[in-house]
There are 2 protein chains.
Amino acid sequence: MVKNELATDKGEQTRKQIFSSALELFRERGFDATTMQAIAAHAGVVKSAAYYYFPSKEALIQAYYENVQTAQERLCGELFNTTRDLKTRLVTALHSKFDLTKDDRNLLGVVFRYTGEPHHPLSCLGPGTAEIRRRSTQVFQDAIAEEKLPQDLRVLLPLALWALQMGLLVMFLYDDSENQQRTRRMADGALNLTLKLLGLAKLAILKPIRKAVLELLQQAELLPGDAL
Amino acid sequence: MVKNELATDKGEQTRKQIFSSALELFRERGFDATTMQAIAAHAGVVKSAAYYYFPSKEALIQAYYENVQTAQERLCGELFNTTRDLKTRLVTALHSKFDLTKDDRNLLGVVFRYTGEPHHPLSCLGPGTAEIRRRSTQVFQDAIAEEKLPQDLRVLLPLALWALQMGLLVMFLYDDSENQQRTRRMADGALNLTLKLLGLAKLAILKPIRKAVLELLQQAELLPGDAL
DNA sequence: TTCTAGATTTGACCACGTTCAAATAGTTAT
DNA sequence: ATAACTATTTGAACGTGGTCAAATCTAGAA
């Protein structure tokens, strides 16, 4: 995302210093209460050095989220190699993101800051974040890869699951129940429901519904490329 | 929301001046490019006067959104008095918000800025905005008021429609099609689908699904008070 | 070694959102 | 009219995110 092009070894070190200082301070004091000056000082550099590596304070959060995504891919990748059970796969896909971020909910919230501003480079639905969105969706695509499914569902499901995850993530941020049990139960419930509906999807009576949904999403340009 | 308690007449005038100056400049230059200094100057006061009436720059957007909400309530209220047709009512409820904000999409986006930060006073899902959320939901409650519906749906539907509206609003912000046709078609399609599903809801085979959904939302504390 | 081009680091600086204590205007009671 | 109290207005100041041109460092070529 930022300065990930080839950099000098020393540069890479500095970048890591700044990043981990930022994380530490964000966790300790919260995002807004942490100044770039403090981050830089903690990393042993001057403020403008931080801006050499990260274009903005929020970009540090973006980098954090990319790390989380990478970790999720690793976790899920391992599990997908060892079990073929669809439900286990999906449950893991969802819960892994919760597990990875449960202690950083205040950081995570910042990811959503520019949701409503399409032109902002960090808009979580904008073109600037398309790649990480693709990766996020890919996890679900991998999760259902082994299933026998009609082609349309093969496209639709990962998208729907990604959307579900986004929604649950917001819920996760607001969830004040112990260890966010509420959100986790919701995730499980939503998955069960999805699987149940998946079983029902072939029913004749639901055929027109399913077709209608698909057409709707198609004309909304939500299906193929990266409209959203 | 802000300083709506009794104020002097002159104070009220000043407040209006500042608010309309803000709107004008936001529309002209965009939210971020407009400085509080500029707003105040345009309103003929000094910068800190603006802060006497609005606690932050974003609070001006909040005030804008409240105005939109009020306008929607008026529009829908009128229509609900003249037609009993459910679809017309729901279509109006959705489209009115689009119509009212179509020229202010860049302003509208700011409303979502603190979606991921529950403790921020302007978090669009937080306690600080509960009242406007209630009003927003009330419109849909009014829209379906005349229908014969089981009690659970009477609670569930307005909530679902409010959520639909929020989702569509985000889509609306990203929609670069002429006059946001795409989002509008999506809204109509989603409504059709909802009505179709409503017709199907009594079907025996769907009974367990419906029950499952309800239980899920219940345990997520999404139904009654203002958990979210 | 010296030169050069690029990567990195620096400190000075700016713009803007926000705060605040003090000044002023308005209103009400005596 | 005066005093007392509140609502409003003001200007000065602060902190922070971000920019920039210049300085320094690094590594390879001559």
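## Helix α5 of chain B

In α5(B), the buried residues are R89(B), L90(B), T92(B), A93(B), L94(B), K97(B) and T101(B); a residue counts as buried if 20 or more other C-beta atoms, placed from the backbone, lie within 10 Å of its own, as exposed if 12 or fewer do, and as partly exposed in between. This is a predicted model, in which local features need pLDDT of at least 70, side-chain atom pairs count only at pLDDT 80 or more, and totals for chains, interfaces and linings use all residues. Residues are numbered from 1 along each chain as its sequence is written, while chains are lettered from A and ligands numbered from 1 in the order in which they are written.

The buried residues of α5(B) pack against α4 (57-82), α6 (105-110), α7 (130-143), α8 (151-174) and α9 (181-200) of chain B. Helices (H or I, at least four residues) and strands (E, at least two) are DSSP runs, numbered from the N terminus. Helix α5 of chain B covers residues 86-101, 16 residues in all, and spans 23 Å from its first C-alpha to its last, close to the expected 22 Å, where the expected span is 1.5 Å times one less than the number of residues. A kink of about 25 degrees is centred on H95(B); the bend is the angle between axes fitted to the seven residues ending at a residue and the seven starting there.

## Chain A as a whole

Chain A has ten helices and zero strands. Its C-alpha atoms fill a box of roughly 65 × 40 × 30 Å along the principal axes. Of its 228 residues, 29% are buried.

Two residues are in contact if their C-beta atoms, placed from the backbone, lie within 7 Å. Among the contacts in chain A with a separation of 6 or more, 58% join residues 24 or more positions apart.

## How the two copies meet

A turn of 180 degrees with a shift of 0.0 Å along the axis lays chain A on chain B with an RMSD of 0.0 Å, so the two copies are related as by a two-fold rotation axis. The superposition is by least squares on the C-alpha atoms of residues with pLDDT of at least 70 in both copies. In chain A, R113(A) comes closest to the axis, at 2.3 Å (C-alpha).

Each chain brings its share to the contact: 29 residues from chain A and 29 residues from chain B. On the chain A side, α9(A) gives the most, with seven residues. That side divides into 18 nonpolar, five polar and six charged residues. Here Ala, Val, Leu, Ile, Met, Phe, Trp, Tyr, Cys and Pro count as nonpolar, Asp, Glu, Lys and Arg as charged, and the others, Gly among them, as polar. The copies meet through the same surface, because 100% of the interface residues of chain A are also interface residues in chain B.

## Next to the DNA

A residue is near a strand if its C-beta atom, placed from the backbone, lies within 6 Å of it. Around DNA strand C there are 18 residues, and T8(A), G11(A), S48(A), T35(B) and S48(B) come nearest. Elements giving two or more residues to this surface are α1 (9-29) and α3 (47-53) of chain A, with α2 (36-43) and α3 (47-53) of chain B.

DNA strand D also has 18 residues around it, with T35(A), S48(A), T8(B), G11(B) and S48(B) nearest. The surface near strand D holds seven nonpolar, eight polar and three charged residues.
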